[in-house]
Amino acid sequence: MSMRRLLLSAVLLSTGTPLWAADKVDLDYKVKFLPESDQAEVSISVEKGEHVRSLDFNLGDDGYYSDFKADGEWTQKDPQRGLWVPGKGKASLTYKVRISHPRGDDRFDARMTEDWALLRGDDLIPSAVLNQVDGTDLVARLEFDLPKGWRSVETGWPRVGKNKFRIDNPQRKFDRPTGWIVAGKIGTRRAKLGETQVTIAAPVGEGMRRMDALTLLTFVWPEMQAVFPRDPAKLLVVGAGDPMWRGGLSAPNSYFMHADRPLVSENGTSSLVHELVHVFSRISDTDNSDWISEGLAEYYAIEVMRRAGGLSEDRYQKVREHLIKWSKPVKSLRTENSTGPITARAVLLLQELDREIRQATKDGQQRSLDDVARGLMRMDKASTKDFIEITENVMGRSSKVLDTRLLR
């Protein structure tokens, strides 16, 4: 036997069941919206129930889920957790979930009317711990049954039918349809930017400036890709007006923008681009270091606009003046949830750090904050300590900018 074939045999033996021999099992999600009761009826069906030992669901503490019926066994030891052990053969779990989610001050971060629904798939299918038979590969699809008069549905996942989508997240064993969903009487605008199919969608009559948003994304896209070398297959941007939450909310393949938010605010920053940075970078933080993800998102919301030619030097300096005034009371950046002034101070710190990195590396291959950001992209979660270590590795020495009480 040749050395090449011996090596191949060793690899297959060491990895257990090879991918080509995995037993593919269909996992089908079906969602039927019920506007009259502000609910959706959801079914989760496994083609071969014997391949799934159990799904342990986290139902949360808001009481959104009800009316569970299962093939096999369904048990709830408390309202927050439910355990499904599917029966043999084709097995299904069905339940109802409330759609509208209040977010204080008469605002919503998910809502359904008689004409449309706007929500996250994370809430339709609760998170779960999957225990499956070794060698099983679940092939997940999501299908919608729309009420009469509702024209279409959009998600951040690839479409494989009229109202059907393929859900495939290599980072998860249990492929949930995470990200934003909009359905009903909706309007859409589409474009292919780089290798990404971009869709801007919103309910008709909600005041979403779809073409304006698509034009701005087209303008900044090359600069965004240069910093964050990632080509998502699809990006969905959804929006609606009051009483939806007046801000932006991102997910891995999609994000929400309130229809009344300006594409570029009077202080020169852009919520649309800020949320795009979150989607592209997927940088998350830990250990009271929310300044990292929020600071970088706002830093690049300004910087990619500048690099694309959308901010002149004098306008850039006016943006800095606003950030300086806004962040003046800030004594520390360390917090679990960054506020506006803390994020503003983080942006100023990052601007100073970028200059320091460029100055320190000008004699060799010049580096910048972009290199730090790309290093953070490879981490699950980043702490302030991680951020400092990556920066020092990029610079080849310690950073004076990061030696500050703001980070202690």
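This note sets out points on the fold, one strand neighbourhood, one helix and one acidic residue of a predicted model.

1. Overall dimensions. The protein has 408 residues and a radius of gyration of 24 Å, which agrees with the value near 22 Å that a compact globule would have. Taken along the principal axes, the box filled by its C-alpha atoms is roughly 70 × 65 × 40 Å.

2. Composition and burial. The protein contains nine helices and 21 strands. Of the 408 residues, 50% are buried. Among contacts between residues at least 6 apart in sequence, 64% join residues at least 24 apart.

3. Strand β1 and its partners. Strand β1 covers residues 23-34 and pairs with strand β12, residues 136-145, in the parallel sense over ten bridges. One of the bridges in this pairing sets D23 against T136 of β12. Strand β1 also pairs with strand β2 (residues 39-46), here in an antiparallel arrangement with eight bridges. In that pairing, K30 stands opposite S43 of β2.

4. The β1-β2 hairpin. Four residues lie between the two strands of this hairpin, and D38 takes a positive phi near 55 degrees. The backbone at D38 may be inspected alongside that of R282, which follows just after helix α4 and has a positive phi of about 55 degrees.

5. Burial of helix α4. Helix α4 spans residues 271-281 and is mostly covered, with eleven of its eleven residues buried. The buried set includes the charged residue E275, the two histidines H274 and H278, and hydrophobic side chains, among them L272, V273, L276 and F280. The cover over these buried residues includes helices α3 (210-227), α5 (290-307) and α8 (369-377). Strands β19 (234-240), β20 (248-251) and β21 (254-258) also contribute to that cover.

6. The start of helix α4. Here a side-chain oxygen of S270 comes to within 3.4 Å of the backbone nitrogen of L272. Both L272 and the neighbouring S271 are buried.

7. The acidic residue D290. Which helix holds D290? D290 is found in α5, a helix that also belongs to the cover of α4. D290 is buried but has no salt bridge. The nearest side chain of opposite charge is that of K381, 9.2 Å away, whereas a salt bridge requires a nitrogen-to-oxygen distance within 4 Å. Leaving aside residues up to four places away in sequence, D290 touches D285, G295, T335, E336, N337 and S338. Two of these contacts, D285 and E336, are themselves counted as negative.

Definitions and conventions:
Residues are numbered from 1 along each chain as its sequence is written. This is a predicted model: local features need pLDDT of at least 70, side-chain atom pairs count only at pLDDT 80 or more; totals for chains, interfaces and linings use all residues. Side-chain values use heavy atoms; hydrogens and water are left out. Buried means under 20% relative accessible area, exposed over 50%, partly exposed in between (1.4 Å probe, protein chains only). Contact means heavy atoms within 4.5 Å. A polar contact is a pair of N or O atoms within 3.5 Å; within protein, one must be able to donate a hydrogen and the other to accept it, and residues adjacent in sequence count only if both atoms are side-chain atoms. Two strands pair if DSSP finds at least two bridges between them. The radius of gyration is taken over C-alpha atoms; the globule rule is 2.2 Å times the number of residues to the power 0.38.
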